[in-house]
Amino acid sequence: MFLRHKVDKLNTAYVSPLKLSISWTKKLNYGGNIVVKVDIAKAFDTLECPFLLKVLHAYGFNNTFCNWIKVILQSATLSISINGSQNGYFKCKRGVTQGDPLSPLLFCIAEDFLSRSITSLVEQGKVNLINSSRHYNFPSHVLYADDVMIFCKASIAYVNALKDLFITYANASGQQINPSKSTIYAGSISTGRLNYLVNNLGFQAGEFPFNYLGVPIFKGKPKKSHLQGIADRIKIKLTSWKAAMLSMAGRALLVKSVTHAMLVHSMSLYSWPVSLLKEIDKWCRNFIWSGDIEKRNLVTIAWKKLCRPMDEGGIGLRSLISLNEASNLKIGWDMLNSI
């Protein structure tokens, strides 16, 4: 009960660095704050091999290992498909091979150079972080593969420092910033200053809420309108499956392995409104029994019994409301341990 009260008290919003950063972006201070979402054009295909090898050497990998990586990168060949037939082979001079299990690791090591460069700008005072509370260390950026999001004050000098960093990084690594897909999200900033910053970087001006890594990013308590997009995708999934060609066990397996999996990630970040979860539960229940999410068929077993484990007489489905409550308790536990 104490954990549940703690979660409800803080609007049951997951206190992640990204979510708190977005909340503090709206805080009033001199000059305002911005969030810069950076997109790298063809990130895997444009990474220069000499740059990657230099980063590996800087990390302390010996020459033997670096030579192995060099041979792997230079041994990749490509062919062009013309009218269904492959013609010719040519070697790749840059980029990491997509599909190679080693490529994501090498790419992340190379991207760490950009992460350390942003941290260095903050340490040198060239980029100033957003003011936060006394007990919270505000992040300068978050980075997942080629998705980079930077948080700083809306100063022209700070934006120019980031612009110079992007140019230097592009010249060294070959990875160019894609201005058409890069966005600036502003909080407590005038329209004139925002237009100047957008034109200076060549990025687009964005508005809250927006999606990042598959979840909506917004300020405040999660509402039905914020999470309706995820529910709509689940509805499209259920309606697109040819339920008439599936048995009831096959429908239940699809709901358990696909539909519920689409909710786990967002539930680990936000507490869903119960009304929306009941609506999704209704879609899943109708899909299992009748094959149509809008058609209610004769139900012979209660939904609570179906959501029990198989050894207790159920079919292994999970109640979305119970799953949401368990996620809330985990959030509360993490909050208590982080204090």
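This passage walks through a sheet in a predicted model, the helices that lie across it, and one residue, H141, in an edge strand.

A good place to start is the sheet. It is open and has 5 strands in the order 4-5-1-6-7, with mixed pairing. Strand 4 and strand 7 (204-206) take the edge positions; each has a single partner strand, so one side of each is left without a neighbour in the sheet. On average, neighbouring strands of this sheet are turned by 20° against each other, direction ignored. Strands of a sheet pair through backbone hydrogen bonds, either parallel or antiparallel. Strand 7 pairs with strand 6 (residues 183-187) in the parallel sense, over 3 bridges. Here Y185 is found opposite G206 of strand 7.

Two helices can be placed against these strands. Helix 5 (residues 103-123) lies across strand 4 and strand 5 (147-153), and its direction is at about 180° to strand 4. Helix 6 (residues 156-173) lies across strand 1 (33-39) and strand 5, running at about 155° to strand 5.

Strand 4 covers residues 141-144 and includes H141. With a relative accessible area of 12%, H141 falls under the 20% cut-off and is therefore buried. Its side chain makes polar contacts with two serine side chains: one with S115, at 2.8 Å, and one with S140, at 2.8 Å. Neighbours within four places in sequence aside, H141 is in contact with S115, I118, T119, M149, I150 and F151. S115 thus appears both in this list and as a polar partner of the H141 side chain.

How values were computed. Residues are numbered from 1 along each chain as its sequence is written. This is a predicted model: local features need pLDDT of at least 70, side-chain atom pairs count only at pLDDT 80 or more; totals for chains, interfaces and linings use all residues. Side-chain values use heavy atoms; hydrogens and water are left out. Helices (H or I, at least four residues) and strands (E, at least two) are DSSP runs, numbered from the N terminus. Buried means under 20% relative accessible area, exposed over 50%, partly exposed in between (1.4 Å probe, protein chains only). A polar contact is a pair of N or O atoms within 3.5 Å; within protein, one must be able to donate a hydrogen and the other to accept it, and residues adjacent in sequence count only if both atoms are side-chain atoms. Contact means heavy atoms within 4.5 Å. Two strands pair if DSSP finds at least two bridges between them. Axes are lines fitted to C-alpha atoms, for helices over the stretch in contact, and angles run from 0 to 180 degrees between N-to-C directions.
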